[in-house]
Structures are given as C-alpha cells and as structure tokens.
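Here are my notes for your next look at this model. I've kept them as numbered points so you can follow along with the structure open.

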Amino acid sequence: MKKKIIALFTAFCLISPFIIKSGNVVSASERSEMRQFVRSTMNNNHVRGSALVIKNGTTQQISYGYGWYGKRIGNGNSKIVYPICSLQKVITGAMIVQLINESHRTKQHISQYTKISRWYPNLVNANKITIGNLLTHTSGIRATGTEINRGKNYSEADAIQWAINNANSSPFADVGTYYYNNTNYVLLAGIIRAVTGKSYEENFKERIVNKLGLSNTYLYQDIPKSKTDPISYYSDGSKNYTKASYVKRSLASQIPGAGNLFSTPREYYKIQLGLSNGQILSNSDFHYLTHLKTKVTNYSGGLYLKNNDTLKMAYGNLAGTHFGNWFQMTTDNKNGLILFLNQTNNSEASVKAVGYQILNHIKPNTFTSN
C-alpha cells in the first residue's frame, strides 16, 4: 500500500501544473508570465543581464541578452559569474562580526568601538576611527581613486597599503561624517587579515564559501578556466552591445573586500539567507551589523535598511565599466529581486527604475524605488 501511495504521488508531481518549492505552490503559468514580464521589461529599457526573482519564498532566475556578445554566451549561462561590485561589502562586514564574536574566546576583545589604530597606527585619525566607523562609512576618509585602474596586479597587502597612503595624502572630514568610500572596506579586509593571520581570500573561503557550499562564487583571482566573467556594454537606447568593457584583474586587485567578488544571482541569494539563518550570522548578529552605533544614515554594514527595517538593499557598479547591480529584498528574505546587469546606460537611477518595475510586479506596494 505504501509503495502505491508513493507511486501515485510521484505520478501526480510529474503531471501537476504546479511547482512545489520551499513549502509554496507556484503555478507553471505564473512562472511563465513572470519570465515574460522580466525579459520584456529588460528589453523595453535596453538593459541586459540576469535576475533572481523571489516571490513568497520561491525563486526563479530569469536572464536576457548576452553576457559575452562576441562569443554569443547568453546571460545566465552556467559559465558566467558576475562582478557583484559593492554588494560584496556586506560579506566583509559579516566576517568582521564573526571576528567580534570570536574575539572574546581568543581574548583579542574587539568590538564596533575598537579604534583602528591597533592595526593602522600610521593612518591619520586612526586613534579616533573605530571599526564601526569603517562599517558605516563615517570614518571621515574622503580619498578618491580606488577604482581608477592603475595597471598593476596588487597583492592584498599592497592594495591595503596603497589605500592607507592614498587616504593619508587626501583631505579628511570629521570622524562621524558619512562619506561612502571603498577605502573603509579595504581597511576592514586588512583587519580581517591582521586578526586571523590569514588572507582575506582564505577567510572568505572558510567563512563564506565553505559554510554555504557555494560553487559559483569566487574572488577574481580564483575564477577557474571553466568559468568566465561577462563583458559589460553600454546602450543609450538606440543600439545594443556597444562600448564593450570588462573588469580587469588589476582593477579587481585594488579593492579587496570592497569589489573583487564574482557570483551569480542565485548564489548571492544564498549569501543573503546565510546572513541571518545561522550559517554565516545569526539573526541577532545581522541586527548588530545593520544597527551599528556609528550609523548616521540608513546604511550600516554594507546594506541600506528602509521602511522600518522591513527592506534591505544595496547598489553596486565599477568605474570604467557598464555593470549595474541592485538588490532589494524584504528582510525576511521571502520577496524581492537580485539584479545583475551587464548592459546599462551607466545610470544608477535607471537601473533602479528597471528593478522597481519588476519589484512592483512581484509584490505591489511593498518596495521602494531607491
């Protein structure tokens, strides 16, 4: 009798017009309609890329156009891993929280209030700047040029030292002043190295990749030959696949911890889940990261929280390229969008406008347009 029930259930699953996932039922027609809407929205706005739609706890990856037009490799192809740009910062922030938690056991005793002069005694204002200031971009560091390709492949240590030298030769604002700057997260990568005695790369593999079982997420230098990063393109609405540009190794090497990570929308979703389900951080750890005492805007630890903390989001791109990444999700991870675009018009507002159209289609009256 038991075997008959199993057989009947299996047959039902094969012919059923519904897809069952994560305890929810989503009809095949709904998935088809969503795919058509997302691809049509991308086409109408002259963008290309790959998106992960999250609706009521179920996910659907939808891609449009070419990730590498010259080789006719489509977006969403299993070979492609996308630069996630500043969407990496929350991962660096999460590793810092892990170290804060571990520091009581290792007797290093670090917290968001620890002055970074412990690791950077020669940095201007280091005796005033805390780990929390770096995590919330309130260090007062206003150095520029981190994304201007200097044509050299840096080691992690050399990239961090360059960031220190560049900051010291630039004007500083008062500590506590918000100024979004890659240097803050490059310095956090250096703290991870100093506290653990291991590279950022090793920490990332141990603390993120291995914990989540990721198979399509790499720091630039670790992308295997079987994979490829995409080419980015510019479109002003009149022609597609123009002004080809890609992330060069030298550029990626300049910004460890702040923009040298490549992944897919689906694996980035796994990372977002891991930030609060105990795989990377607990829910209370996530709250700590996103509610640091140095926070003066709705940015903390790599993310913006809005609508009474019901929404989380981040935007990223890299200077000299046409990539545009934006994700916005409910903080319970049940609804939202992860959008990795490799063709844009180089406008953050335009990328968010495309994403907002899709978000409104996923769950109306839930998300914010910026």
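1. Start with E348, which is partly exposed, with a relative accessible area of 37%. Keep in mind that this is a predicted model. E348 pairs up with K352 in a salt bridge, and their closest N and O atoms sit 2.8 Å apart. Both residues belong to helix α11 (residues 348–362), where a spacing of four residues puts about one turn of the helix between them. The lysine end gets a different label: K352 has 14% relative accessibility and counts as buried, because the cut-off for buried is under 20%.

2. Helix α7 has a pair with the same kind of spacing, E201 and K205. They are four residues apart in that helix, so about one helical turn separates them. Their side chains meet in a salt bridge at 3.7 Å, N to O. K205 is partly exposed, at a relative accessible area of 37%. There's a third member to look for here too: D222 is linked with E201 and K205 in a network of salt bridges.

3. Stay on α7 for a moment, but look at R207. Which side chain does R207 meet in a salt bridge? It's E102, at 2.8 Å, N to O. This pair links distant parts of the chain: R207 is in helix α7 (residues 200–212) and E102 is in helix α3 (residues 89–106), 105 residues away. Is R207 buried or exposed? With 12% relative accessibility, R207 counts as buried, whereas E102 is partly exposed at 25%. For the overall tally, the model has six salt bridges.

4. Next, strand β14 (residues 311–316). Six of its six residues are buried, so the strand is largely enclosed by the rest of the structure. If you check it face by face, both sides are covered. L311, M313 and Y315 are buried on one side, and K312, A314 and G316 are buried on the other. Note that a lysine, K312, is in that buried set.

5. What pairs with β14? On one hand there is strand β13 (residues 303–306), which runs antiparallel to β14 and is joined to it by three bridges. Within that pairing, Y304 stands opposite M313. The two strands form a hairpin with four residues between them. Have a look at N307 in the turn, which has a positive phi of about 50°.

6. The other partner to inspect is strand β15 (residues 324–330). β14 and β15 pair in the antiparallel sense, over six bridges. If you want a landmark for lining the two up, take K312, whose bridge partner in β15 is M329.

7. Last, a loop residue: K152. You'll find K152 in the loop between α4 (131–135) and α5 (156–168). K152 is partly exposed, with a relative accessible area of 42%. What does K152 contact, leaving aside its neighbours within four places in sequence? The answer is S250 and S253. K248 is worth showing alongside: K152 and K248 are 96 residues apart in sequence, but their C-alpha atoms are 9.9 Å apart in space.

Technical notes. Residues are numbered from 1 along each chain as its sequence is written. This is a predicted model: local features need pLDDT of at least 70, side-chain atom pairs count only at pLDDT 80 or more; totals for chains, interfaces and linings use all residues. Side-chain values use heavy atoms; hydrogens and water are left out. Buried means under 20% relative accessible area, exposed over 50%, partly exposed in between (1.4 Å probe, protein chains only). Contact means heavy atoms within 4.5 Å. Two strands pair if DSSP finds at least two bridges between them. A salt bridge is a side-chain nitrogen of Lys or Arg within 4 Å of a carboxyl oxygen of Asp or Glu.
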